[in-house]
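Open the model in your viewer and keep the selection panel at hand. Each stop below says what to pick next and what is there.

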Amino acid sequence: MQNKGLVKLFALLFGLVSIYQLSFTFKANQIDAEAKEFAINKIPATDSEYDAKRKLEEARYLDSISNEKVFDIGIADYTYDEVKDKAMNLGLDLKGGINVILQISVKDILKGLANNSKDPVFRKALDDAEEIQKNSQNTYLEDFFVAFDAIKGDTKLASPDIFANRTLSEEITFDMTDDQVKPILKRKIDESIVSAFEVLRKRIDKFGVTQPNIQRLGNSGRILVELPGAKDIERVKGLLQSTAQLEFWDAYKAEELGGFLNQANETLKGLVNVKPTAEADDDVESQDSEDSQIDELLGETSTDSTSVDNTLGPLFDLIQAPGQQGQPVLAMFNAKDKQTVMEYLNMPEVRSLLPAEQRYVKFAWGIQEKGSELVELYALKGNRDNIPELSGAVIVDARQSYSPNSKPTVTMQMNSKGAKIWEAMTGRAFTQGSQIAIVLDDIVYSAPGVTTGAISGGNSEISGSFTLNEAVDLANVLRAGKLPASADIVQADEVGPSLGQEAIDSGMKSFLIALALVLIWMLFYYGKAGIYSDIALMLNILLIFGILSGLGAVLTLPGIAGIVLTIGIAVDANVLIYERIREELTKGKGQKEAVKDGFSNALSSILDANITTGLTALILFIFGTGPIKGFATTLLIGIVTSLFTAIFISRLLIDWDANRGGKLNFSTSITKGLFRGINIDFLKKRKIAYVVSGLIIISGLTSLFTTGLDQGIDFVGGRTYQVRFAQDVNTEEVKTAVHAVFESAEVKTIGGNNQLKISTKYKVDDNSAEADEEVQSKLFESLIPFLPDGITYDEFKVGSGNKKIGKMYSGKVSPTIADDIKKSSIWAVLGSLVVVFLYILLRFKKWQFSLGAVVAVFHDVLIVLGIYSLTWRYMPFDMEIDQAFIAAILTVIGYSLNDTVVVFDRIREFLNEHTSWEFGRTVNSALNTTLSRTLNTSLTTLVVLLAMFILGADSLRDLLFALIVGVVVGTYSSVFIATPIMYDTIRKLGDKMED
């Protein structure tokens, strides 16, 4: 081998750099373990809240050393923050945290650009675009243009009532055509989404999560946010979804709306049927007391004490406590009745009762206090345009502070323009004795009065029942600025930290066992040469982890599976080389010559096999997201490092042994004659194989069209939760309880009988934070009979306690995203087939080779799908069709092609060597001589996958099962499908292979 010195240098440098990169990971883990130990020693287990307090203490410890030099490597020393930044990035499934895709509402942006136009054509086009989006791959803006063009008539986008308004007057004039306006709107939308991206980035930076990832996804208005390690997931979701729309409104006093509320209640009696409640019958005294308070507020007295009807009316029945005179709170209601109350107050028949000076009143809810079921109702002095006199656009700074009674608050500083308006508003409130409501995202946080005259200087304060974290987050959000439109979570994955740690433990255990089995097998089969392949394999793994760490790539649970699969790929390259060397030795060549020719002859097969696998991995990387992208990343890196270690490092070690006079047989006494002298007529058996494959495929297709597949939320949309219980539970009993709440839901055991996966499509089209909270709270209520006594909703949400009982994971996919995932998955599979067809055509010059390979791949995919369809109802593990399954299918395609290409390469070689042979003899000989390699590689890969399947994480079993089936079927198809199909098409068309 030439350039041995260069290879040694590269191997040494790559090895040292990998060790250097990984050293930061080891040091970071050591420091984190010390922090955990410190917290355990400080907070005893007898403390009732020891879990939460230990986490807080652990965070304080790490914060205290964040800027201290903690790692000295001789040539440089690093602080803890620097060490953490250089450590390997762990994905959500290994570290816990949250991964969401936010959809910035382009509809809201368009409304804003049109100054909330009431134009009927514009409004209808917005609604029609939403309907079109359900079955469209276009952006919302493109579908809006389609919808507008379909109904516009004489109306133009540049109408003064739509976009030719004062706000856009410098860019859009009324004489412009629609084609001239559309590019301007596209640019404006893009600017707004960029603004949203920057606002979110600033908020995340302030949150303090290490190694966050935020990126814009194309031009769809979607933004991906990955926060591995985030522990307070509810806090994160609030931070991401808050638009920070701050507004200041004058508020009505309770008595100013008292007459209207009374009229509204009377009117609703004729519109709404309300049955007397059991509570009303059981607690008449309490009701009478409340009645008198309401009458006092309305200035009325009851004259009929003989009434037998205990209901006051649809609206007054819902009042839990009336407002006080002179105060801005109209009344207090149960939080669960908020939607009903708003529906009542916004009925046209009710709104028409408002006097002229109050016709633009804006009803708003107050912030709900922790532990309280009640919420306050306010009435704000609105206007025709529904625009506040003062908004958050004037805020230049916001800080967390404390009130005189030491409660967290948020203080704000306004610019000069805002300061003048604020002074006028507070002066008016002082004179009138009224209040100013401070409203954030349509929720009234406080409505203080002004007792000392007009407030100058632009200072204001938001107070409420804040926790310290809430006040800090609110200040950060206001300082970062408001989002230009609402942001809904359309796809989400939330993983509890305990589940992530379990995944690391099981993943590493299965990885080490799989590695040990492979090392032992290579030693058993190839003797001393197996030692050199083992050394090359260990270096390969070191390089993979080093490159992952150096590139800042994210290691995920499927990524670990990718590394394990890479072990099989690396072994395959060594097996190809060693089998070719054994053949050369059998021919009577000397050891050095046999080694040289063996490496040379195997190179073509190794490159072809790895390139085809690499192409499918590349397509998976392009189309995949999150953990699946992590799988593709490790697979791609593994292919490159496997080529380097197998071709160069193994050669270096073998040449070194040969040069020092060592003898290598590339076998042991047990394996010396194994698979030698085999002469099977594979082509003669091809028709039997066609029949067997045909029967299996027909059975699978029948099941696919009747039973179907168990499609996960990735493909159909919905919400899914992984819940752990303190003891084993009956799946059917849980299903009955959940069905009673959601009407339809799927409940499956995952792992042990104390852990269930619950999926529902309840409110699948509603992406709001309120809908997410409603579904989760309903789930908790339905599961209360199966959970430990006394567990609270807050404990359930975070999976607390020693046994980590409660929600361990949750996921959400909106129907639009699910449709996108399904279509991109189909394109990924079809794209990989096309790419492979073209590559094989390029390498082998005949389309019959490409056809044989693609038919074999189709065969493998159909059998895997059929087996899934036939067995998913009976298997003791989850077999959902999701993105992980698509990753498995693409990997199966790559693996199947790997086997096929090795056989095709040998056929091509024999055609050149044995020109006098009949074509059938050439094909059979090629199949027989590659059989040793085929079986050796397949068995090694199966051992690796089975170790992961049996010992690895539950969430990986569906992916690994598909890979195991794919390896078995792929090995079979390369021998009995791909090659015979190629043979039959060439023979029937009368082509001469010697051409």
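Two strands pair if DSSP finds at least two bridges between them. Helices (H or I, at least four residues) and strands (E, at least two) are DSSP runs, numbered from the N terminus. This is a predicted model, in which local features need pLDDT of at least 70 and side-chain atom pairs count only at pLDDT 80 or more, while totals for chains, interfaces and linings use all residues. Residues are numbered from 1 along each chain as its sequence is written, and side-chain values use heavy atoms, with hydrogens and water left out.

**Stop 1: a three-stranded sheet**

Select β13, β14 and β17. They form an open sheet in the order β13-β14-β17, and the pairing is antiparallel. At the edges are β13 (395–402) and β17 (459–462), each pairing on one side only. From one strand to the next the twist averages 25°. Angles here run from 0 to 180 degrees between N-to-C directions, and axes are lines fitted to C-alpha atoms, for helices over the stretch in contact.

Zoom in on β13 and β14 (residues 408–414). Seven bridges join these antiparallel strands. Show D397: opposite it in β14 stands Q413. Now add helix α15 (residues 416–432). It packs on the sheet and touches β14 and β17, and its direction makes about 110° with that of β14. Contact means heavy atoms within 4.5 Å.

**Stop 2: strand β11 and its partners**

Move to β11 (residues 374–380). Is this strand enclosed or open to the outside? Five of its seven residues are buried, so β11 is largely enclosed by the rest of the structure. Buried means under 20% relative accessible area, exposed over 50%, and partly exposed in between (1.4 Å probe, protein chains only).

Add β9 (residues 329–334). It pairs with β11 in the antiparallel sense over five bridges. Label M332: its bridge partner in β11 is E376. Then add β10 (residues 362–366), which runs antiparallel to β11 and is joined to it by four bridges. Here F363 stands opposite A379 of β11.

**Stop 3: the eight-stranded sheet**

Eight strands come next. Their order in this open sheet is β5-β6-β4-β18-β23-β20-β22-β21, with antiparallel pairing. Color the edge strands, β5 (213–217) and β21 (745–750), each of which pairs on one side only. Neighbouring strands of this sheet are turned by 20° against each other on average, direction ignored.

Go inside the sheet to β4 (residues 97–104) and β18 (residues 487–495). Eight bridges pair them in the antiparallel sense. N99 is the residue to label, with D493 of β18 opposite.

Two helices lie across this set of strands. Show α27 (residues 815–844): it lies across β6 (222–228), β18 and β23 (806–813), running at about 75° to β23. Then show α24 (residues 731–742), which lies across β21 and β22 (752–760) and runs at about 150° to β21.

**Stop 4: α24 against α25**

Keep α24 and add α25. The two pack at an angle of about 140°, with their axes 9 Å apart. They are therefore oblique to each other. Angles under 35 degrees count as roughly parallel, over 145 as roughly antiparallel, 65 to 115 as roughly perpendicular and the rest as oblique.

Which residues of α24 and α25 make the contact? On α24, pick V734, A737, V738, V741 and F742; on α25, pick V775, K778, L779, S782 and L783. They divide into eight nonpolar, one polar and one charged. Ala, Val, Leu, Ile, Met, Phe, Trp, Tyr, Cys and Pro count as nonpolar, Asp, Glu, Lys and Arg as charged, and the others, Gly among them, as polar.

Follow the loop between β22 and α25 (769–783) to K763. Its phi is near 55°, a positive value in a residue other than glycine. K763 is partly exposed, with a relative accessible area of 32%.

**Stop 5: another positive phi**

Jump to N115, in the loop between α5 (106–113) and α6 (120–133). N115 is not a glycine, yet its phi is positive, about 55°. Its relative accessible area is 39%, which makes N115 partly exposed.

**Stop 6: α29 and α30**

Finish with α29 (residues 883–913) and α30 (residues 919–929). Their axes come within 9 Å and cross at roughly 130°. This pair is therefore oblique. To see the contact, select V903, R906, I907, F910 and L911 of α29 with F919, T922, V923, S925, A926, L927 and T929 of α30. Eight of these residues are nonpolar, three polar and one charged.
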